[in-house]
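Work through the exercises below with the sequence and the model open beside you. Try each task before you read its solution.

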Amino acid sequence: MKTFRLQIEGQASDIEADSESSLFAAMASAGIAWPVSCRNGTCRTCIGLLKKGKLRYDIPWPGLSADEKLDGYCLPCVALPTEDVLIARD
Ligand code: FES
(Lines give C-alpha, C1' and ligand atoms only; values in the text may rest on other atoms or scores of the structure.)
Protein backbone atom coordinates (compact mmCIF):
# COMPACT_ATOMS: atom_id res chain seq x y z
CA MET A 1 0.00 0.00 0.00
CA LYS A 2 1.24 3.48 -0.87
CA THR A 3 0.13 6.81 0.51
CA PHE A 4 -0.55 9.83 -1.67
CA ARG A 5 -1.59 13.43 -1.16
CA LEU A 6 -5.19 14.28 -1.99
CA GLN A 7 -5.80 17.96 -2.63
CA ILE A 8 -9.35 19.22 -2.97
CA GLU A 9 -9.84 22.51 -4.72
CA GLY A 10 -10.98 25.12 -2.22
CA GLN A 11 -9.65 23.20 0.81
CA ALA A 12 -6.73 24.78 2.63
CA SER A 13 -4.87 21.58 3.45
CA ASP A 14 -4.13 18.32 1.68
CA ILE A 15 -5.14 14.98 3.13
CA GLU A 16 -3.58 11.53 2.94
CA ALA A 17 -5.13 8.97 0.61
CA ASP A 18 -3.90 5.40 0.46
CA SER A 19 -3.68 3.36 -2.72
CA GLU A 20 -6.15 0.71 -1.49
CA SER A 21 -8.99 3.02 -0.37
CA SER A 22 -11.32 5.29 -2.30
CA LEU A 23 -10.85 9.04 -2.43
CA PHE A 24 -14.18 9.32 -0.66
CA ALA A 25 -12.91 7.13 2.20
CA ALA A 26 -9.91 9.42 2.57
CA MET A 27 -12.15 12.48 2.62
CA ALA A 28 -14.50 10.91 5.16
CA SER A 29 -11.56 9.98 7.42
CA ALA A 30 -10.36 13.57 7.27
CA GLY A 31 -13.83 14.91 8.08
CA ILE A 32 -14.31 16.53 4.68
CA ALA A 33 -17.89 16.68 3.46
CA TRP A 34 -18.41 15.41 -0.09
CA PRO A 35 -21.76 14.34 -1.60
CA VAL A 36 -22.15 10.59 -1.68
CA SER A 37 -24.98 8.10 -2.08
CA CYS A 38 -24.56 4.64 -3.64
CA ARG A 39 -20.81 4.26 -2.92
CA ASN A 40 -20.52 1.77 -5.76
CA GLY A 41 -19.90 3.97 -8.79
CA THR A 42 -23.35 4.00 -10.36
CA CYS A 43 -25.42 6.97 -9.10
CA ARG A 44 -22.91 9.75 -9.94
CA THR A 45 -23.75 11.76 -6.81
CA CYS A 46 -20.07 12.02 -5.94
CA ILE A 47 -18.87 13.07 -9.40
CA GLY A 48 -15.81 15.29 -9.42
CA LEU A 49 -13.21 16.59 -11.82
CA LEU A 50 -9.68 15.24 -11.69
CA LYS A 51 -7.38 18.20 -12.28
CA LYS A 52 -4.04 16.56 -11.52
CA GLY A 53 -2.80 13.05 -10.96
CA LYS A 54 -4.07 9.60 -11.85
CA LEU A 55 -6.74 7.27 -10.52
CA ARG A 56 -7.67 3.64 -11.01
CA TYR A 57 -10.93 1.73 -10.60
CA ASP A 58 -11.30 -1.83 -9.31
CA ILE A 59 -14.66 -2.18 -11.06
CA PRO A 60 -14.62 -2.49 -14.86
CA TRP A 61 -16.53 0.60 -15.86
CA PRO A 62 -18.07 2.89 -13.28
CA GLY A 63 -20.95 5.19 -14.16
CA LEU A 64 -19.04 7.56 -16.41
CA SER A 65 -19.13 7.73 -20.18
CA ALA A 66 -15.93 7.36 -22.16
CA ASP A 67 -16.13 11.07 -23.03
CA GLU A 68 -16.54 12.05 -19.40
CA LYS A 69 -13.51 9.99 -18.48
CA LEU A 70 -11.51 11.68 -21.22
CA ASP A 71 -12.67 15.05 -19.88
CA GLY A 72 -11.30 14.12 -16.45
CA TYR A 73 -14.46 13.35 -14.53
CA CYS A 74 -14.10 10.88 -11.72
CA LEU A 75 -16.22 9.07 -9.12
CA PRO A 76 -14.44 9.45 -5.78
CA CYS A 77 -16.54 6.74 -4.09
CA VAL A 78 -14.78 4.09 -6.21
CA ALA A 79 -11.67 5.90 -7.47
CA LEU A 80 -8.33 4.86 -5.97
CA PRO A 81 -5.28 7.10 -6.28
CA THR A 82 -2.15 5.93 -8.07
CA GLU A 83 -0.29 9.19 -7.47
CA ASP A 84 -0.90 12.56 -5.80
CA VAL A 85 -4.20 14.00 -7.03
CA LEU A 86 -6.11 17.26 -7.15
CA ILE A 87 -9.89 17.07 -7.57
CA ALA A 88 -12.67 19.62 -7.72
CA ARG A 89 -16.42 19.49 -7.49
CA ASP A 90 -17.93 19.56 -10.96
S1 FES B 1 -21.79 7.86 -4.68
FE2 FES B 1 -22.80 6.96 -6.33
S3 FES B 1 -21.35 7.03 -7.92
FE4 FES B 1 -20.26 7.74 -6.19
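**Exercise 1: the side chain of D18**

The side chain of D18 comes to 2.7 Å from the backbone nitrogen of E20, a polar contact in the sense of a pair of N or O atoms within 3.5 Å, where within protein one must be able to donate a hydrogen and the other to accept it, and where residues adjacent in sequence count only if both atoms are side-chain atoms. The model is a predicted one, in which local features need pLDDT of at least 70 and side-chain atom pairs count only at pLDDT 80 or more, while totals for chains, interfaces and linings use all residues. Residues are numbered from 1 along each chain as its sequence is written, and side-chain values use heavy atoms, with hydrogens and water left out.

Task: describe where D18 lies and what its side chain reaches besides the backbone nitrogen of E20.

Solution. Begin with the place of D18, which is in strand β2; helices (H or I, at least four residues) and strands (E, at least two) are DSSP runs, numbered from the N terminus. Next, the side chain of D18 also reaches the backbone nitrogen of S21, at 3.0 Å. Then list the contacts (heavy atoms within 4.5 Å): leaving aside residues up to four places away in sequence, D18 touches M1, K2, T3 and P81.

Task: which side chain of opposite charge is nearest to D18, and how far away is it?

Solution. For the charges, Lys and Arg count as positive and Asp and Glu as negative, whereas His and the chain ends are not counted. The nearest side chain of opposite charge is that of R56, 7.4 Å away. A salt bridge requires a side-chain nitrogen of Lys or Arg within 4 Å of a carboxyl oxygen of Asp or Glu, and D18 has none although it is buried. Here buried means under 20% relative accessible area, exposed over 50%, and partly exposed in between (1.4 Å probe, protein chains only).

**Exercise 2: the sheet**

Task: in what order do the 5 strands of the open sheet follow one another?

Solution. The order is β2-β1-β7-β3-β5, with mixed pairing. At the edges are β2 (15–18) and β5 (73–74), each of which pairs on one side only. Two strands pair if DSSP finds at least two bridges between them. Taking the pairs in turn, β1 and β2 run antiparallel and are joined by 4 bridges, with R5 having E16 as its bridge partner in β2. β1 and β7 pair in the parallel sense over 3 bridges, and L6 stands opposite V85 in β7. Finally, β3 (residues 48–52) and β7 (residues 85–89) are antiparallel over 4 bridges, where K52 has L86 as its bridge partner.

Task: which residues form the covered face of strand β1?

Solution. In a regular strand the side chains alternate between the two faces of the sheet. In β1 (residues 3–8), F4, L6 and I8 make up the covered face, while T3, R5 and Q7 make up the uncovered one.

**Exercise 3: Y57 and its surroundings**

Task: where is Y57, and which backbone nitrogen does its side chain reach?

Solution. Y57 is found in strand β4 (residues 55–57), and its side chain reaches the backbone nitrogen of L75 at 3.2 Å. Not counting residues up to four places away in sequence, Y57 touches several residues, among them P62, L64, Y73 and V78.
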